[in-house]
Amino acid sequence: MQRKGVTSVDNAPIISHQHAGLTVEGYSRAAVQTYWRIPELKVGFDLGAQPWDFMSTPNWLITHTHLDHVAALPVYVARRRMMRMEPPTLYVPAEALEDVRRFLLIMQRLDRGRMICRLNGIKSGDEIELSRELVITAFSTTHTIPSLGYVIWDRRYKLKEEYHGLPGDKIRDLRLAGTVVTREVRTPLVAYTGDTSPAGLDNYPPVYEAKILITEVSFIRPNHRREKIHKFGHMHLDDVVERADRFRNELIIFSHFSTRYHPQEIRRFIDGKLPANLVERVKLWL
Ligand SMILES: [Zn+2]
Ligand SMILES: [Zn+2]
């Protein structure tokens, strides 16, 4: 929505890609800044920076509190208030909740502007009901500080098989008599891992089933030592190669590449190492 007297401001890079009626927008380079959103679902992930246009997205899920994933959290909260928008809803790993609250209070004192938001702590296994049709689940990832990934599910209620073929008024009577005639069917739409070593993916299988997977491949060169990369809570391209058969996703976004790599080098390694049936579903976030 364009507000009176406010034009679009190009303050942070955005890459955009559409798939299955959803738009994935954002940017992510290791140690620089990470932010994503899916405007159709009214959800964003991480706030390492906040592109001006992302202000209209009201719900944000933070994976972990490394600076390149949270630096713009107070910026975003303050801008929403400045633009007289509804207070946003934010989720952060429960372990970080009190410190994030203090972080906002300190910025409130320094900036002399109130930080109004709904700030929630979240743990692995928790669910967020975004609407009747959209549910978000949080799962543990493996990084150097408390961290979570998120899956956004499409939720439908379908008539149970035993009632198929029954006339509508009979189903209505059953329902009125208190019988549960539907069952819940969930489809994972989007999985976002944030920063993680491969265990973060392996421990939560829906990650491999989601229509769209957004994940990290921070390191690609063959000479990097993988044990060290895993210890620091990141992934190497060889981890992806080893798991090539497991990805059922329609679209796989690889991001969060180390700044030491040139985009051409990343493309060359990905094309050279991944099997063709995976490469055709991969979008490199460059
Ligand atoms: Zn990061
Ligand atoms: Zn990190």
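Student: What makes E13 and E14 count as paired strands, and in which sense do they run?

Tutor: In this predicted model, E13 and E14 are joined by 3 bridges, in the parallel sense. The criterion asks for at least two bridges between two strands, so the 3 bridges found here satisfy it. As one example of the residues involved, Ile253 has Lys283 of E14 as its bridge partner.

Student: Where does this pair belong in the sheet, and what makes a strand an edge strand?

Tutor: The pair closes the order E8-E9-E10-E11-E12-E13-E14, an open sheet of 7 strands with mixed pairing. Strand E8 (127–129) and strand E14 (282–284) are the edge strands, each pairing on one side only. Neighbouring strands of the sheet are turned against each other by 30° on average, direction ignored.

Student: Which residues coordinate the zinc ion (ligand 1), and how do you know that they are donors?

Tutor: His69 (NE2), Asp195 (OD) and His256 (NE2) coordinate the zinc ion (ligand 1) at 2.1 to 2.2 Å. The cut-off for a donor at this metal is 2.8 Å; the distances lie within that limit, so these atoms are counted as donors. Along the chain the donor residues follow the spacing H-x125-D-x60-H. Asp195, in the loop between strand E11 (182–192) and helix H5 (199–202), and His256, in the loop between strand E13 (251–255) and helix H9 (263–273), are 61 residues apart.

Student: Why is the site of the zinc ion (ligand 2) classed as it is?

Tutor: Its donors are His64 (NE2), His66 (ND1), His143 (NE2) and Asp195 (OD), at 2.2 to 2.4 Å. The angles among the 4 donor atoms run from 90 to 171°. A tetrahedral site would need all angles between 85 and 135 degrees; the value of 171° falls outside that range, so the tetrahedral label does not apply. The site is classed as irregular.

Student: What makes Asp195 a bridging residue?

Tutor: Asp195 bridges the zinc ion (ligand 2) and the zinc ion (ligand 1), which lie 3.5 Å apart. Asp195 (OD) is listed among the donors of ligand 1 and among those of ligand 2.

Student: Are Asp195, His256 and His66 buried or partly exposed, and how do you know?

Tutor: Buried means under 20% relative accessible area. Asp195, at 3%, therefore counts as buried, and so does His256, at 2%. His66 has a relative accessible area of 26%; this value lies between the 20% and 50% limits, so His66 is called partly exposed.

How values were computed:
Residues are numbered from 1 along each chain as its sequence is written. Chains are lettered from A and ligands numbered from 1 in the order in which they are written. This is a predicted model: local features need pLDDT of at least 70, side-chain atom pairs count only at pLDDT 80 or more; totals for chains, interfaces and linings use all residues. Side-chain values use heavy atoms; hydrogens and water are left out. Donors are N, O and S atoms within 2.8 Å of the metal (3.2 Å for Na, K and Ca); water is not among the atoms, so sites may look incomplete. Helices (H or I, at least four residues) and strands (E, at least two) are DSSP runs, numbered from the N terminus. Buried means under 20% relative accessible area, exposed over 50%, partly exposed in between (1.4 Å probe, protein chains only). Four donors count as tetrahedral if all angles lie between 85 and 135 degrees; four count as square planar and six as octahedral if opposite donors are over 155 degrees apart and all others between 65 and 115; anything else is irregular. Axes are lines fitted to C-alpha atoms, for helices over the stretch in contact, and angles run from 0 to 180 degrees between N-to-C directions.
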